Amino acid sequence: MPGTPEQLGFDFASGGAGGDGLNHWHEQRQAAIQELARKLGLPLDRKVEAYLKDGTCLRGILHLARDELLIDPKRDLTLLLRIDRCTFTPTEIESCVRLD
C-alpha cells in the first residue's frame, strides 16, 4: 500500500511448526548476554562481589542496567551494569568475583 510505513519482519514462528517464537527469542537473547559476559570477562546474571576503583564493595547479582531488547556483543557500547540499585560501567570495576 502506498504511504504505509514499513514494518519490521519479526518471525515469531521461526522455531518451526508448532514452535514458540517468543521462547526462541528469549533463548537467543540469553545466548547474546552470555556472549557479552564472555567478551567482558564478567559473570552477568550471577551473584558476585565487586570492588569498584573508588573503593566501593558491592554484593549481589550482576545485571545489565538497561534491559536491551536486542543485544549485539559485537557492538562497542558504553554499557551500564547494575548490582541492586548501584549502576556503574565495566571500566569502574577493580575486581569481580563470582560467589555461586
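**A helix and an open five-stranded sheet**

Among contacts between residues at least 6 apart in sequence, 50% join residues at least 24 apart in this protein. The model is a predicted one. Of its 100 residues, 25% count as buried. The protein has one helix and five strands, and reading along the sequence gives the pattern α-β-β-β-β-β.

The strands may be considered next. They form an open sheet of five strands in the order 4-3-2-1-5, and the pairing is antiparallel. Strand 4 (86-88) and strand 5 (93-98) occupy the edges; each has a single partner strand, so one side of each is left without a neighbour in the sheet. On average, neighbouring strands of this sheet are turned by 40° against each other, with direction ignored. In general, the strands of a sheet pair through backbone hydrogen bonds, in either a parallel or an antiparallel manner.

One pairing can be followed in detail. Strand 3 (residues 81-83) and strand 4 run antiparallel and are joined by three bridges. Within this pairing, Arg82 stands opposite Thr87 of strand 4.

Attention now turns to the nonpolar interior. The largest nonpolar core has 16 residues, and those touching the most other members are Leu44, Leu62, Leu64, Leu81, Ile83, Phe88 and Ile93. Two or more residues of this core come from each of helix 1 (21-40), strand 1 (47-52), strand 2 (57-64) and strand 3. Leu44 offers a view of the surroundings of one such residue. When its neighbours within four places in sequence are left aside, Leu44 is in contact with Ile33, Leu36, Ala37, Leu62, His63, Leu64 and Leu81.

The loop between strand 4 and strand 5 contains Thr89. Is this residue buried or exposed? Thr89 has a relative accessible area of 16% and is therefore buried, since buried means under 20%. The side chain of Thr89 also makes a polar contact, at 3.0 Å, with the side chain of Thr91.

Two cysteines complete the description. Cys86 has a relative accessibility of 27% and so counts as partly exposed. Cys96, with a relative accessible area of 23%, is likewise partly exposed, because both values lie between the limits of 20% for buried and 50% for exposed. How many disulfides does the structure hold? The number of disulfides in the structure is zero.

How values were computed
Residues are numbered from 1 along each chain as its sequence is written. This is a predicted model: local features need pLDDT of at least 70, side-chain atom pairs count only at pLDDT 80 or more; totals for chains, interfaces and linings use all residues. Side-chain values use heavy atoms; hydrogens and water are left out. Two strands pair if DSSP finds at least two bridges between them. Helices (H or I, at least four residues) and strands (E, at least two) are DSSP runs, numbered from the N terminus. Axes are lines fitted to C-alpha atoms, for helices over the stretch in contact, and angles run from 0 to 180 degrees between N-to-C directions. A nonpolar core is a set of buried Ala, Val, Leu, Ile, Met, Phe, Trp, Tyr and Cys residues joined through side-chain atoms within 4.5 Å. Buried means under 20% relative accessible area, exposed over 50%, partly exposed in between (1.4 Å probe, protein chains only). Contact means heavy atoms within 4.5 Å. A disulfide is a pair of cysteine sulfur atoms within 2.5 Å. A polar contact is a pair of N or O atoms within 3.5 Å; within protein, one must be able to donate a hydrogen and the other to accept it, and residues adjacent in sequence count only if both atoms are side-chain atoms.
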